[in-house]
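The turns below ask how certain labels follow from computed values. Each reply sets a value against its cut-off and concludes.

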Amino acid sequence: MNGMKQQLFKTLWGYEKDFETACIEAKEAGFDGIEAQAPKNIKETLVWKACLEKYELSYIAEIVTGGGYTPRRNASVQEHLDDFQSALEASQRLSPLFVTCIGGCDAWSEEQSLLFFESALHVAQKAHCVVSFETHRSRTLFNPWVTKRMVEKLPALKLTLDLSHWCVVCERRMDTELETMQALSSHVHHIHARVGYDQGPQVPHPAAPEYKEDVKVHQQCWEIVWKAQRLQGYQSTTMTPEFGPDGYLHTLPFTQAPVADLWEINCWMAVQERQHFKTFITTLEKQ
């Protein structure tokens, strides 16, 4: 069996500089590509396309349905699908490796969720695009058990695994759910490498010793995914270190000064996971 490679992506979540600067930073830090929502206008899309080609970077398109990262509570299934359709059309202009979608709503019935996923998969199939759906709180896949029921009913469903959301929703580390992780592993297509803890979706800094066990448990789950992907014949596995702003990044009271630098954290995570993956896959291939 050929050795599986790893590709690391820079997130543009909360990024305030121009796209070319993002590409330069990604390239200098050893990232293989950019993950972000595609521009809606053609002019900006052409700038992105030129930069991705110039710096030889791959692209993962992010799609958000329902009006924002937290969906409008009363947005219908059709409104979510309309958002998906329009965002998919915009992203296709940049020839993404695949699309990762934050979609659905936690308040929907499972019948509504299945209708959304089935319809979105049909749209993506017609566009000849692979789509995976993120395990994100406030969304359909907000906990491990709903997610397991969804993939059992819809085996074609691919996942973008972000364990940090489940940590805060379930108020515990996911080493309590390793059996469920095994059941889901063959559906995971992409990983968001943010480390959550029992009271939040983002530790202040993953290098801090007090969060060592949280990092270790996330890595244990990612290894389960890598092993499943390798058995499925994946030539490459993708991961985006996705520590972000917007209430995720811890700040000091009164001043709101950030306790850490997001780019430094994401670069630290990339370095750790590059070595972690290399060690894991080398050991696996010797067995």
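Q: Which residue in β2 is the bridge partner of K10?
A: In this predicted model, K10 has I34 in β2 as its bridge partner.

Q: What makes β1 and β2 a pair?
A: Two strands pair if at least two bridges are found between them. Strand β1 (residues 5-11) is joined to β2 by three bridges, so the criterion of at least two is met. The two strands run parallel.

Q: How do you know that strand β6 pairs with strand β7?
A: The same test is applied: at least two bridges are needed, and three join β6 (residues 159-161) to β7 (residues 188-192). These strands also run parallel. Within this pairing, T160 stands opposite H190.

Q: Which strands make up the closed barrel?
A: The closed barrel has eight strands, in the order β1-β2-β3-β4-β5-β6-β7-β8, with parallel pairing. On average, neighbouring strands of this sheet are turned by 30° against each other, direction ignored.

Q: Which way do the residues of strand β2 point?
A: From β2 (residues 33-36), G33 and E35 point one way, while I34 and A36 point the other way. All of them are buried.

Q: What makes the charged end of K10 count as sitting over the ring of W263?
A: The distance limit is within 6 Å of the ring centre, and the charged end of K10 is 3.7 Å from the centre of the W263 ring. A second condition concerns the direction, within 35 degrees of the ring normal. K10 is listed as sitting over the ring, so that condition is met as well.

Q: Why is the pair of F19 and W48 called stacked?
A: The ring centres are 4.1 Å apart, which is within the 6.5 Å limit for a pair. The planes are at 5°, and planes under 30 degrees apart count as stacked; therefore the pair is stacked.

Q: What does the pair of F19 and W48 tie together?
A: F19 belongs to helix α1 (residues 19-28) and W48 to helix α2 (residues 42-54), so the pair ties together parts that are 29 residues apart in sequence. Both F19 and W48 are buried.

Q: Why is the pair of W226 and F280 called tilted?
A: The centre-to-centre distance is 5.8 Å, within the limit of 6.5 Å. The angle between the planes is 45°, which is neither under 30 degrees nor over 60, so the pair is tilted. W226 lies in helix α8 (residues 212-231) and F280 in helix α9 (residues 262-286), 54 residues apart.

Q: How do you know that W226 and F280 are buried?
A: Buried means under 20% relative accessible area. W226 has 0% and F280 has 14%, so both are buried.

Q: How many aromatic pairs are found in the whole structure?
A: The search finds 12. Ring pairs also link F84, W108, F116, F117 and F133 into a cluster.

Q: What puts the buried residues of α2 on the same side?
A: The buried residues of α2 are T45, W48, C51 and L52. They cover an arc of only 125° around the axis, which puts them on the same side of α2. On the other side of α2, K43, L46, E53 and K54 are exposed.

Q: Why is P201 called buried?
A: P201, in the loop between β7 and α8, has a relative accessible area of 15%. The cut-off is under 20%, so P201 is buried.

How values were computed: Residues are numbered from 1 along each chain as its sequence is written. This is a predicted model: local features need pLDDT of at least 70, side-chain atom pairs count only at pLDDT 80 or more; totals for chains, interfaces and linings use all residues. Side-chain values use heavy atoms; hydrogens and water are left out. Helices (H or I, at least four residues) and strands (E, at least two) are DSSP runs, numbered from the N terminus. Axes are lines fitted to C-alpha atoms, for helices over the stretch in contact, and angles run from 0 to 180 degrees between N-to-C directions. Rings of Phe, Tyr and Trp (its six-membered ring) pair if their centres lie within 6.5 Å; planes under 30 degrees apart count as stacked, over 60 as edge-to-face and the rest as tilted. Buried means under 20% relative accessible area, exposed over 50%, partly exposed in between (1.4 Å probe, protein chains only). The arc is that of the directions from the helix axis to the C-beta atoms.
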